Structures are given as structure tokens and as C-alpha cells.
Amino acid sequence: MEKTKNYKKLINILISSTQKNKTSEQKVHQALPNIKNAKLICKQVKKLFSQEPNIVFVRTPTNVIGDSHGQFFDLLQVFKEEAGINIEKCRNESFIFLGDYVDRGNWSLQLILFLFLLKILYPTNVTLIRGNHECRETTMLYRFSKDCKKIYPNTNAWEMFLDVFNTLPIACVIDSKYFCVHGGISQGLNTIQSIRELDRFKDIPKNGKFSELFWNDPNSEIDYFSNLSPRGSGMHYGKKAVKEFLSNNRIESIFRSHQKFEEGFNLPFENIKELKLSVLTIWSMPNYGYINQNKGYYLKLSSDSDFNLKQLVEIKISHDPGHEENNLEN
Ligand SMILES: [Mn+2]
């Protein structure tokens with residue numbers, strides 16, 4: 001009980017640092033838990049993730065949130081009510097986050113620790129699945145490793161987070177109808193059962209069937225798989241591959257993120273009648289990287305047949321553009 005109170009206090013400090021009228025970068029960084037508490041959070045959340053299966057089962061009502069990449073202020077809008085940010089919403093409906101929590105934006109540590117605390121406080125109603133950025137190579141190439149060193153100098157904070165990332169579940173299924181994964185389907189993993197049997201407790205390799213779940217993109221021009229992806233990792237999956245995956249597993253749609261669209265969401269197979277709603281890309285970062293004018297949306301499912309896309313509006317605060325890395329495609 002004491003511990004829960006402590007976690008509640010830590011999450012409320014993080015939230016309230018974003019709510020003040022004149023917040024500043026410094027104030028938001030000061031709201032972060034100290035390294036001792038960050039270690040406790042990581043230890044506790046790692047235990048929870050480790051106990052979950054590769055594919056978590058989730059029931060409606062639920063909300064599906066796409067890439068968030070350190071845009072903490074924007075992500076919090078998912079919990080916005082008239083009186084302010086209310087995480088108690090997690091008592092009555094569940095929340096699924098599709099990965100890519102770190103790198104890019106200015107507040108990766110705030111965002112990831114917020115989500116870890118949310119998971120600790122509402123373990124059965126919060127599901128975090130893994131994105132291609134929750135791994136050693138991408139966090140080293142982009143900015144999360146540097147953020148860790150800057151905020152928690154002379155500690156092993158980065159390694160500590162990598163250790164938790166290696167326990168994140170791969171995917172989830174909502175009401176036995178919708179399959180949620182960061183990138184999409186993978187060549188060589190035609191059934192959900194085959195994904196259940198993978199050993200996920202490891203880093204994401206550059207290529208291969210495990211890696212493709214986090215890296216792949218849909219492409220309506222091809223039938224099965226093609227390695228024409230310009231990302232350097234991952235492949236494209238086509239219409240026949242999607243059709244077979246859905247029918248093999250009796251799934252209606254795949255909800256995924258991993259690609260920015262100006263509109264904030266996309267139906268990549270929209271032009272094919274029987275596959276129109278087969279894949280939905282959800283992009284939850286308005287004004288991605290603070291330099292795009294794109295919209296952000298998340299998906300709200302009140303029941304398995306009643307769903308709505310909800311817009312997330314960018315929260316502007318004074319901050320540095322913080323975007324030394326310009327390759328925004330991965
Ligand atoms: Mn991604």
C-alpha cells in the first residue's frame with residue numbers, strides 16, 4: 001500500500017509539471033523521479049511485463065494509441081477531461097500503446113516513466129507492446145541513450161531501460177477480433193500461435209522474422225513480401241499476405257502504427273474492396289518532431305463493433321526544437 005502511494009505521488013508530479021501555465025523545460029525535467037525511484041519503477045514494471053505472454057489478450061472498452069516518441073504533452077491528452085488529466089480513466093477502460101515511446105521528442109524519459117507507472121498502477125488495464133525503437137541500436141542511433149546520460153549522469157540508466165524493453169510483449173489481441181502490433185505481419189509467422197512460441201526476451205535483431213513484427217510496413221502494390229523497404233530493416237507486406245493472416249487466425253483487422261501520415265491515420269488497403277478495413281495505421285503524434293504539420297489520432301473502441309478515431313491536438317510549450325536527428329522515417 002505504501003508503495004502504491006509512492007508510485008501515485010511520482011506519476012502526479014510528472015503530470016502536474018506539464019499542467020502549469022508557465023512550465024519550462026527545466027521544471028519538466030525536475031519532475032522526473034530520481035535514479036533510485038527510476039530503478040524501483042523499472043524493477044517493478046519488468047516483473048509485470050515478464051509475467052505477460054507474447055500476445056496479451058485485451059477486452060473492450062479500450063483505446064489504441066500509436067507512436068508517441070517522447071511527445072509527452074501530446075500523449076497526456078488521451079487522459080484529458082474537463083477538470084484536467086485524469087489517469088483514473090484506467091479503472092473503467094483499458095489502454096493499449098503500440099510502441100515507439102522513446103527517441104525523437106523532447107520528453108522520452110518522462111513519457112516512458114509515465115507509462116511504466118501507469119502499468120504498475122493499473123496492470124490489467126494498461127498494455128504496452130514493443131516498437132522498433134525499444135532496442136539498443138535505435139536508441140543509440142537516435143537520442144534516448146543521450147537523454148539517459150544527460151538526465152541520469154554516471155548511472156547505468158540506459159542499460160536499465162534496455163533491460164525492461166527486452167521484456168515488453170510483442171502484440172495484443174482485442175476481443176479475439178483485432179490484432180495489434182507495431183509494424184505488422186512478418187514473413188514466416190503466419191499464425192498467432194507461431195508468434196506466441198517465439199522467445200521474445202532479447203534485443204531486436206536487425207533482420208529476421210522476430211524483427212519484422214516491429215519494422216514491417218504494408219504495401220497494397222504487392223501480394224506477399226518484398227524487401228524493398230527503404231528503412232534498412234524490415235520488409236513490405238502485401239494484400240495476399242494480409243488476407244491469409246486474417247483468415248488463418250480468424251482476425252478482422254490489424255491495428256498498427258510505425259508510419260507517419262499527414263491525416264494521422266491510414267487504411268493502406270483502402271483501394272481493395274474486401275481488404276478495405278483489414279489494416280489500420282494509427283499515428284498519435286500531432287506535429288511530429290515539432291516540424292511536421294501532420295495530425296495525430298488514436299482509436300477508441302467502446303465495443304468490438306463501435307469504434308471512433310479521436311484527434312489529439314498538439315500542446316505547444318516553449319522548448320528547443322530538439323531535433324538534431326533528421327531522418328524521421330524509422
Ligand atoms: Mn516505428
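## A tour from Ser-284 into the core

Begin by selecting Ser-284, which sits in the loop between strand E14 (279-282) and strand E15; helices (H or I, at least four residues) and strands (E, at least two) are DSSP runs, numbered from the N terminus. Residues are numbered from 1 along each chain as its sequence is written. The model is predicted, and for that reason local features need pLDDT of at least 70 and side-chain atom pairs count only at pLDDT 80 or more, while totals for chains, interfaces and linings use all residues.

Ser-284 is buried, with 30 other C-beta atoms within 10 Å; a residue is called buried if 20 or more other C-beta atoms lie within 10 Å of its own, exposed if 12 or fewer, and partly exposed in between, with C-beta atoms placed from the backbone. Show its contacts next, a contact being two residues whose C-beta atoms, placed from the backbone, lie within 7 Å. Leaving aside neighbours within four places in sequence, Ser-284 is in contact with Ile-65, Gly-66, Asp-67, Ser-68, Gly-296, Tyr-297, Tyr-298 and Leu-312. A distance drawn from the C-alpha atom of Ser-284 to that of Lys-310, 26 residues apart along the chain, reads 9.6 Å.

### The five-stranded sheet

Now select strand E15 (residues 296-303), which is joined to E16 by seven bridges and runs antiparallel to it; two strands pair if DSSP finds at least two bridges between them. E15 and E16 form a hairpin with two residues between them, and Tyr-297 has Gln-311 in E16 as its bridge partner.

Widen the view to the open sheet of five strands, whose order is E6-E5-E2-E15-E16 and whose pairing is mixed. Strand E6 (126-128) and strand E16 (306-312) stand at the edges with a single partner strand each, so one side of each is left without a neighbour in the sheet. Within the sheet, strand E2 (residues 62-65) and strand E5 (residues 94-97) run parallel and are joined by four bridges, with Val-64 opposite Ile-96 in E5.

### The six-stranded sheet

Which strands make up the other open sheet, the one with six strands? Select them in the order E1-E7-E8-E12-E14-E13, where the pairing is again mixed. The edge strands here are strand E1 (55-58) and strand E13 (265-266), each pairing on one side only. Strand E8 (residues 178-181) runs parallel to strand E12 (residues 253-256), to which three bridges join it, and Cys-180 stands opposite Phe-255 in E12.

### Cys-180, the core and helix H5

Stay on Cys-180 and show its contacts: not counting residues up to four places away in sequence, Cys-180 touches Val-64, Ile-96, Leu-98, Ile-129, Ala-171, Cys-172, Ile-174 and Phe-255. Cys-180 also belongs to the largest nonpolar core, where, of 84 residues, Leu-113, Ile-129 and Cys-180 touch the most other members; such a core is a set of buried Ala, Val, Leu, Ile, Met, Phe, Trp, Tyr and Cys residues joined through C-beta atoms within 7 Å. Helix H5 (residues 108-121) gives the most to this core, with 10 residues.

Select H5 itself, and notice how covered it is, with 13 of its 14 residues buried.

### The whole chain

Finally, zoom out to the whole chain, which has 11 helices and 16 strands and whose C-alpha atoms fill a box of roughly 50 × 40 × 40 Å along the principal axes. Of its 330 residues, 43% count as buried.
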